[in-house]
There are 2 protein chains.
Amino acid sequence: MTTDAAGGSASPGLPRTHGLSALFQPRAIAVIGASADRGKIGGRPLHHLTGHGFAGPIYPINPNHAEVQGHKAYPSLGAVPGEVDLAIIAVPHHGVLDAVRSCADKGVETAVLFSAGFSEAGAAGTALQRDVLEIAASAGMRVLGPNCIGAANLRAGTSATFTFAVELPRPAGPLPRVALVSQSGAIGGHCVSLAPARGFQFDPWVTTGNEGDIDAADCIGYFVADDDVSAIAVYLEGCRDGARLKAALETAYRKRKPVVVVKAGQSEAGAGAAASHTASLVGSDQTYDALFQRYNVCRVGSISELVDVAQALAIGRIPAGRKTGIVTSSGGAGILMADAAVAAGLDVAPLPLKAQGRLKEIWPPAGVQNPIDTTGQVTDNAGLLTAFLETMLDEADYDVVLVFLSFLGMMAPWSDNVLASLEKVRATHPGANLVVSALATEPFRRAVHRLGIPVFDELTDAVRAVARTTRIGAGFGRSFADVPPAGVPRLAGDERPTEVSAKRLLAAAGVPVLPETVARSAEQAADAADALGYPVVVKVLSPDVAHKTEAGGVVVGLSSRESVIEAYTRVVRDVGTALPDAEITGVLVAPMVQGGVEVILGVRNDPSLGPAVMFGLGGIFVEVLGDLACRLAPFDVDEAEAMIRETRGYDLLNGARGRGRFDVPALAQALSSLSVVAAANADRIETIDVNPFIVLPEGRGAVAVDALITTTGED
Amino acid sequence: MTTDAAGGSASPGLPRTHGLSALFQPRAIAVIGASADRGKIGGRPLHHLTGHGFAGPIYPINPNHAEVQGHKAYPSLGAVPGEVDLAIIAVPHHGVLDAVRSCADKGVETAVLFSAGFSEAGAAGTALQRDVLEIAASAGMRVLGPNCIGAANLRAGTSATFTFAVELPRPAGPLPRVALVSQSGAIGGHCVSLAPARGFQFDPWVTTGNEGDIDAADCIGYFVADDDVSAIAVYLEGCRDGARLKAALETAYRKRKPVVVVKAGQSEAGAGAAASHTASLVGSDQTYDALFQRYNVCRVGSISELVDVAQALAIGRIPAGRKTGIVTSSGGAGILMADAAVAAGLDVAPLPLKAQGRLKEIWPPAGVQNPIDTTGQVTDNAGLLTAFLETMLDEADYDVVLVFLSFLGMMAPWSDNVLASLEKVRATHPGANLVVSALATEPFRRAVHRLGIPVFDELTDAVRAVARTTRIGAGFGRSFADVPPAGVPRLAGDERPTEVSAKRLLAAAGVPVLPETVARSAEQAADAADALGYPVVVKVLSPDVAHKTEAGGVVVGLSSRESVIEAYTRVVRDVGTALPDAEITGVLVAPMVQGGVEVILGVRNDPSLGPAVMFGLGGIFVEVLGDLACRLAPFDVDEAEAMIRETRGYDLLNGARGRGRFDVPALAQALSSLSVVAAANADRIETIDVNPFIVLPEGRGAVAVDALITTTGED
């Protein structure tokens, strides 16, 4: 839970982007601990800055030299004549405090701290980090790190990093810019190093290390606001302030700016390492999934996928839909790609018959349905590729065409022929969305990239990247509920809800709840049953009994007044025997619901990301299969329906096994209402369990049978 | 079904390896259609052969030249003075028939046909292919292709291919040899092209194209027999003769030779393309899974995984167990790798406490549990890596240690330091199983490979490859049932089994079947019920009623003599009304089974691979979730237990949801018995459905309630 007032984590904070322009577009840079040795951490940033052609003044701070790497050096930051907005602090951790003080005195806007030995390294380091941050905060100075490898914005000719990854050859030509935010320095450097071989670069990029001050959410927010950045790749381990992260991702969503994420910590071993490594409050992995789903963030499973999708976004185009054409020089590759495309949710729709006929005319041995197989003949006759591609683009409405060229990009004359063919097609079809998979030389790859066609080595990786960008494109269309609307019922400030008041709150919020009557005597129970109609259920009412059935507190299927009277007596007796200390305030009498499907609705309020709503079918689906869908609250009915359809158990609600269809719209309405009440009470409610919730046959509604709410501070 | 006699597909054929030594170790090679132009299909094989240093005579056949590419040319094959065992036929398809005739006349052992335009290209091509093969067969000559890119065995200095992939630079040094068999030429060439950049090569390799004669199974069989080949990678679309494929894989299994497969055609779009592309009889994908599982074949999902696993097998070592240590220069990478390792079934066991303490002494900020994090300090102090690795190897019993080095392999001096560290560790720990993930220069990669340590760019790919090789190693330990034992009951030659005779066959084979009595009158039914004990079930007995319940032919829960008499009358009346033409021969009376879990056992006899046995839990598991396990018949009880444990529904048999445990040993015994009877009757039985089969609580057995057998030739 955030420390925000009133609205709690449901009222989003804003990314703190002040000071970040000094990091990414500094006017003047000082390097504290600047070294003449370009191989050292104190020497590399200066070397990089000079090499990148930084336009403003660079001030090495070094008391022992008048000049460092060709720049006039100063004995201290205070001795620098002009203003300094960015300071790179490249001294060991024991010298950091003095360096930060000098930055504060000089009026530096942002300082970058490379050194380790802070909060990641025990109590003394934690204390040192706190002292550093207090000095910075009182001077209004932002801090990146400590324990990071810095940041760079090469297009602006600036960097504040010691990693040699920024020295790798960069792809030529103006490409859409994909920014990178990494909580890990090594992963950040790894990504930055991988990109050039794929024909693009991550720029600007930043690694946030210990996140003493500037965090991943701040940087994402800054890049979202920068219209020069077209997409953002993120390596995330956790976050301390979910509201800020949500706000950044929401703005990205509204601006339709793609965000791709690798989120670590899915396994216990991984989560344990993440917690000890970053000291972040790692939210439950499923809640992050809910967050990403809400804001159309593309979560991938590996760094190589992150780089693949970034490459597709930097060089290619986002498909407008799922219809995917596949053309290969090899039947086998076509089969593998079709398998992968179908598995990834793409639509490998057949070519229209007329176009099939046209291809058969051009080359009778071809496979013409989709996947389309030019056969190896394309090796001897590159005109075949041109003709096939033009036919596919002219006579079918594929949203994207995947072209597999095997190893033809590796050696002339084949690479020249194939390139000429792609150039011809690009000239006649400037808007066509093409993606190539081929083993290729660097010049071939660069030339194809210049046509706006990304090249992937591996055929199924190409398919997967296309499927990911297709989903990104489709995901921007959705609407989602805003902050909870006014008038949503709230728990009183200190109320600890009982079963009865929990149900009352839910009912008031629009979650249908079984009508039930509180009875404090056997006679009252029988009267209530008469009024409700038989059969009924009798359940013990006690704040002290969590598991009613186990305590003998539930009797079902009562079909007469006499049996209700008998059940009342038995329940009070049995619960009293099982739990002698329990206060029994009466029983609940409720009608029995029959003929529905039991599902489970739940809310967990993540300390970092706020309340998330879970849905699953009862019985083996949740208990054995872990078949759950999850969304951040609040969300609307459409999103609730999407969530229901996502579970494997959905088929059972939709008429599988000949049992007819159940009232999914009523279920979706209840889920959405639950999400709204959870969001409106995010400062108070810790968990909600609605179990079972019964979905009745189509048109007959749905109803909560039992509900439990726990509030913050309860055990 | 194969055309083999008696035993049908259950009696395995043998791979036909004669003629393959002429393909892979020829003594003298003729190139029919040899061209002076090294860029042409007729010129490239000659060029390659010369370049590879083939030791024997090479005879270009070309009536227009006295010399081709420096070799004396001959006007016809008949004019060649010496013997020729391998002929490469590089002429267009209309010239192939004459060329093949000349080969047959010359006594050539094996001919390679590159050209397309045969069975893949319509009726005329199919006829031409048949003619070619008839000529070859009558001369006892083997044929590779048509429509393939040939084969190579570079260590023996020979090749018979036109692909320039064989011209790529080859890794130095003697490595274990990984052979490649590909049914697709382009995929084969693609793999051969990818390997050198990974530091190994596929050699020998072969592409089988249309498989007019030599097929993938023959080649796998040949490579299994070749003790110089240490592992085999396969790209498979289907197979015509499953018995041969099974025999080859079984021999590989017995010799503990790893086989890695990409099998295309999982999706409908893919399977459709496969069928039209190869004209193979594509078996059901699930049956292939069963085949691969039986013989410990490692099925991977993409070409890049195939190459990853092949690289791990060529350069690295197979882990002896699942215990995996992870050491990284980055906490983030450790988290990602731990997540991937756990997901892939590896055991990321913590380092012993003593060793943790030792690492903390060496470098206090390190993460020491597992994944182990040296922190970026390893950049400045390579001795740290040596000390950490030696501690992990000395004080823990990891089966493999994964080392993530980020981009340190890309630039000196870091790459030199890290390499020195790995060399030291190798010197002190010659038996250690290490795998590196790092971005690396070629020289760095080669140097690390020379230490027997494979280097992967991508960290999760490295984890996945290790998990695959670990499974390969573990999978060789299993036993499996041989050909069905003697004495297994068989259907009579022309018998079409009824429900009663089907159950009798199964019971005789050891599948427990509910005791039931045939009754031909109401009185007989009542007497039977008295003898069996109540409650009982009455079911109509008729060869014409497939769906008994729908026809009103089943009454359950009969608890008295009177109710049985009434039920008999009602069943006969209701079925007679519903299906007036059905012959009703009586009823079956059986005891009611209660308190068990319903499962489904099934057999499908695949035309290519023979009978496979399927298992799944009844209800939603099979119907909604498709939760099935599948094995080729026959198999033993251990394998049956493994199969049961593989299903998601297994938890339900093993005590999930508080229902206690059920008799899994009895279920496993029944599955194994079913597999044996299916294998023994593979020539006759098409399908067996045992549904429901009831598994009773632990120690109480299991029993088939209903069974249906269909035989070959039935609808």
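This is a short conversation about one residue and one pair of helices in a predicted model.

Trainee: Let's start with B:Thr470. Where does B:Thr470 lie in chain B?

Mentor: B:Thr470 belongs to helix H16, which covers residues 459-475 of chain B.

Trainee: What makes B:Thr470 count as buried?

Mentor: Its relative accessibility is 5%. Buried means under 20%, so B:Thr470 counts as buried.

Trainee: Which residues does B:Thr470 touch, leaving out those up to four places away in sequence?

Mentor: They are B:Pro319, B:Gly321, B:Arg322 and B:Leu346.

Trainee: How do you know that the side chain of B:Thr470 makes a polar contact with the backbone oxygen of B:Val466?

Mentor: The side chain reaches that backbone oxygen at 2.7 Å. The cut-off for such a pair is within 3.5 Å, so the distance qualifies.

Trainee: Now to chain A. Why are H5(A) and H10(A) called oblique to each other?

Mentor: The axes of H5 (residues 185-194) and H10 (residues 303-315) of chain A cross at roughly 45°. Angles under 35 degrees count as roughly parallel, and 65 to 115 as roughly perpendicular. The angle fits neither range, and the two helices are therefore oblique. The axes come within 10 Å, and the crossing is right-handed.

Trainee: Which residues meet there?

Mentor: From H5(A), A:Ile187, A:His190, A:Cys191 and A:Leu194 meet A:Ile303, A:Leu306 and A:Val307 from H10(A).

Trainee: How many residues of each class does that contact have?

Mentor: The contact of H5(A) with H10(A) has six nonpolar residues, one polar residue and no charged ones.

How values were computed:
Residues numbered from 1 in each chain as written. Chains lettered and ligands numbered in written order. Predicted model: local features only at pLDDT ≥ 70, side-chain atom pairs only at ≥ 80, totals over all residues. Heavy atoms only, no water. Helix = DSSP H or I, 4+ residues; strand = E, 2+ residues; numbered from the N terminus. Buried < 20%, exposed > 50% of the residue type's maximum accessible area, 1.4 Å probe, protein only. Contact = heavy atoms within 4.5 Å. Polar contact = N/O pair within 3.5 Å; in protein donor to acceptor, adjacent residues only side chain to side chain. Axes fitted to C-alpha atoms, helices over the stretch in contact; angles between N-to-C directions. Parallel < 35°, antiparallel > 145°, perpendicular 65-115°, else oblique. Left-handed = near helix turned anticlockwise from the far one by under 90°. Nonpolar A, V, L, I, M, F, W, Y, C, P; charged D, E, K, R; others polar.
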